[in-house]
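Here are a few friendly notes to read alongside the model. Take them one at a time, and find each residue on screen as you go.

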Amino acid sequence: DFLPSILRARGLKVSIPNLEDRDFVHLSIFEELCRGLVRERTRARFLEIVEAGARAGVDSVILGCTEISMLIAPGGARLPDYDTAQLHAMAIVDFMLGAETR
């Protein structure tokens, strides 16, 4: 609930995939992606989950695990996506350079 609680506190509506889809994402990350396995059928299923969200009215997707970008490259889904690994890296660079956070 880490990210959803922060987003909700900032007034954003958060939609989370159903239990079956979350189980698939979890297993895919730990059984495939963490082992360096990138399968097209897994990518297709991830994109189906994003599409289900789009049909339900979701307007963007958070790629909330560093390994997910192995399947969905920036701009690789129909919805705008936010890769948390990339966002964290950008925030670290901003901090190191003394810039305000985005």
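1. Start with helix 1, which covers residues 2–9. With three residues, helix 1 gives the largest share of a nonpolar surface patch in this predicted model. The patch as a whole is made by Phe 2, Leu 3, Ile 6, Ile 62, Tyr 82 and Leu 87, and its area is about 530 Å².

2. Now pick out one of the patch members, Ile 62. Where does Ile 62 lie? The residue belongs to strand 1, a short run written as residues 61–63. Is Ile 62 buried or exposed? The answer falls in between: Ile 62 is partly exposed, because its relative accessible area of 37% sits between the 20% limit for buried and the 50% limit for exposed.

3. Next, look at the aromatic rings. A search of the whole structure turns up one aromatic pair. For any such pair, the description rests on how far apart the ring centres are and on the angle between the planes. A ring can also have a charged neighbour: Arg 45 lies over the face of Phe 24, at 5.4 Å from the ring centre.

4. Finally, the cysteines. A disulfide is a covalent bond joining the sulfur atoms of two cysteines. How many disulfides are counted here? The count is zero. Cys 34 is in no disulfide, because the nearest cysteine sulfur, that of Cys 65, is 6.3 Å away and the cut-off is 2.5 Å. Cys 65 is likewise in no disulfide, with the sulfur of Cys 34 as its nearest cysteine sulfur. As for its surroundings, Cys 34 is partly exposed, with a relative accessible area of 42%.

How values were computed
Residues numbered from 1 in each chain as written. Predicted model: local features only at pLDDT ≥ 70, side-chain atom pairs only at ≥ 80, totals over all residues. Heavy atoms only, no water. Patch = residues over 30% accessible without salt bridge, like charges linked within 9 Å, V, L, I, M, F, W, Y side chains within 5 Å. Areas by Shrake-Rupley, 256 points an atom, 1.4 Å probe, with all protein chains shown as cover. Salt bridge = Lys/Arg side-chain N within 4 Å of Asp/Glu carboxyl O. Helix = DSSP H or I, 4+ residues; strand = E, 2+ residues; numbered from the N terminus. Buried < 20%, exposed > 50% of the residue type's maximum accessible area, 1.4 Å probe, protein only. Phe/Tyr/Trp six-rings, centres within 6.5 Å; stacked < 30°, edge-to-face > 60°. Lys NZ or Arg CZ within 6 Å of the ring centre and 35° of its normal.
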